[in-house]
Amino acid sequence: MRFFNPRRDFWGEHFRLDEAAIQPRTDIGEVTARILEFNHNERIRERQVLIEVGAYPSPAAQQRMTQ
């Protein structure tokens, strides 16, 4: 299985943001999230803090998530 390629793939097709966790929607998303440890405890904690201060996701990232 290949990894998610941001130049070729649409983020919202392969992932969804569930509070501070990034949940895979496809096999490509699953492989990418697992190998890159998207939901490692430290990463989730960091995202939670960024969400609390309104810095996550960034406006540019939000746009790429929903296009």
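Is Arg34 buried or exposed? With a relative accessibility of 59%, Arg34 counts as exposed, and the views below show where this residue and several others sit in a predicted model.

**View 1. Arg34 and Glu30 share a salt bridge within helix α2.** Welcome to the first close-up, which stays on one helix. The N-to-O distance between the side chains of Arg34 and Glu30 is 2.5 Å. Both residues belong to helix α2 (residues 27-35), and they are 4 residues apart, about one turn of the helix. Glu30 is partly exposed, because its relative accessibility is 29%, while its partner Arg34 is exposed at 59%.

**View 2. Arg2 and Asp9 form a salt bridge.** As background, side chains of opposite charge can pair when their charged atoms come close. Here the closest N and O atoms of Arg2 and Asp9 are 2.8 Å apart. Asp9 has a relative accessibility of 13%, so Asp9 counts as buried; Arg2, at 32%, counts as partly exposed. A search of the whole structure finds 2 salt bridges.

**View 3. Phe4, Trp11, Phe15 and Phe38 are linked by ring pairs into a cluster.** The count of aromatic pairs comes to 3. In one of them, the ring centres of Phe4 and Phe15 are 5.2 Å apart with their planes at 75°, so this pair is edge-to-face. Phe4 lies in the segment before α1 and Phe15 in strand β1 (residues 15-18), so the pair ties together parts that are 11 residues apart in sequence. Phe4 and Phe15 are both buried. Trp11 and Phe15 make a tilted pair, with 5.4 Å from centre to centre and 35° between the planes. How accessible are these last two residues? Trp11 counts as buried at 18% relative accessibility, where the cut-off is under 20%, and Phe15 counts as buried at 1%.

**View 4. The largest pocket holds about 300 Å³ of space.** Its lining is made up of 14 residues, and those closest to the pocket centre are Phe4, Pro6, Trp11, Ala61 and Arg64. Which helix gives the most to the lining of the largest pocket? That is helix α4 (residues 59-66), with 3 residues. Readers coming from the previous view will recognise Phe4 and Trp11, which also belong to the aromatic cluster.

**View 5. Phe3, Ile35 and Leu36 form a nonpolar patch on the surface.** Together these residues have about 270 Å² of accessible area. Phe3 is found in the segment before α1 (11-14). With a relative accessible area of 37%, Phe3 is partly exposed.

**View 6. Glu19 and Glu37 each have a positive phi.** A little context helps here: most residues other than glycine have a negative phi, and most peptide bonds are trans. Glu19, although not a glycine, has a phi of about 60°. Glu19 sits in the loop between β1 and β2 (21-24) and, at 70% relative accessibility, counts as exposed. The phi of Glu37 is near 55°. Glu37 lies in the loop between α2 and α3 and is partly exposed, with a relative accessible area of 46%.

**View 7. A cis peptide bond runs from Tyr56 to Pro57.** For this bond, omega is near -10°. Pro57 is located in the loop between α3 (41-52) and α4.

Notes: Residues numbered from 1 in each chain as written. Predicted model: local features only at pLDDT ≥ 70, side-chain atom pairs only at ≥ 80, totals over all residues. Heavy atoms only, no water. Patch = residues over 30% accessible without salt bridge, like charges linked within 9 Å, V, L, I, M, F, W, Y side chains within 5 Å. Areas by Shrake-Rupley, 256 points an atom, 1.4 Å probe, with all protein chains shown as cover. Salt bridge = Lys/Arg side-chain N within 4 Å of Asp/Glu carboxyl O. Helix = DSSP H or I, 4+ residues; strand = E, 2+ residues; numbered from the N terminus. Buried < 20%, exposed > 50% of the residue type's maximum accessible area, 1.4 Å probe, protein only. Phe/Tyr/Trp six-rings, centres within 6.5 Å; stacked < 30°, edge-to-face > 60°. 1 Å grid on protein atoms, 1.4 Å probe; cavity = no way out; pocket = protein on both sides within 12 Å on 5 of 7 lines; lining within 4 Å. Points joined across faces, edges and corners; volume = space filled by probe spheres on them.
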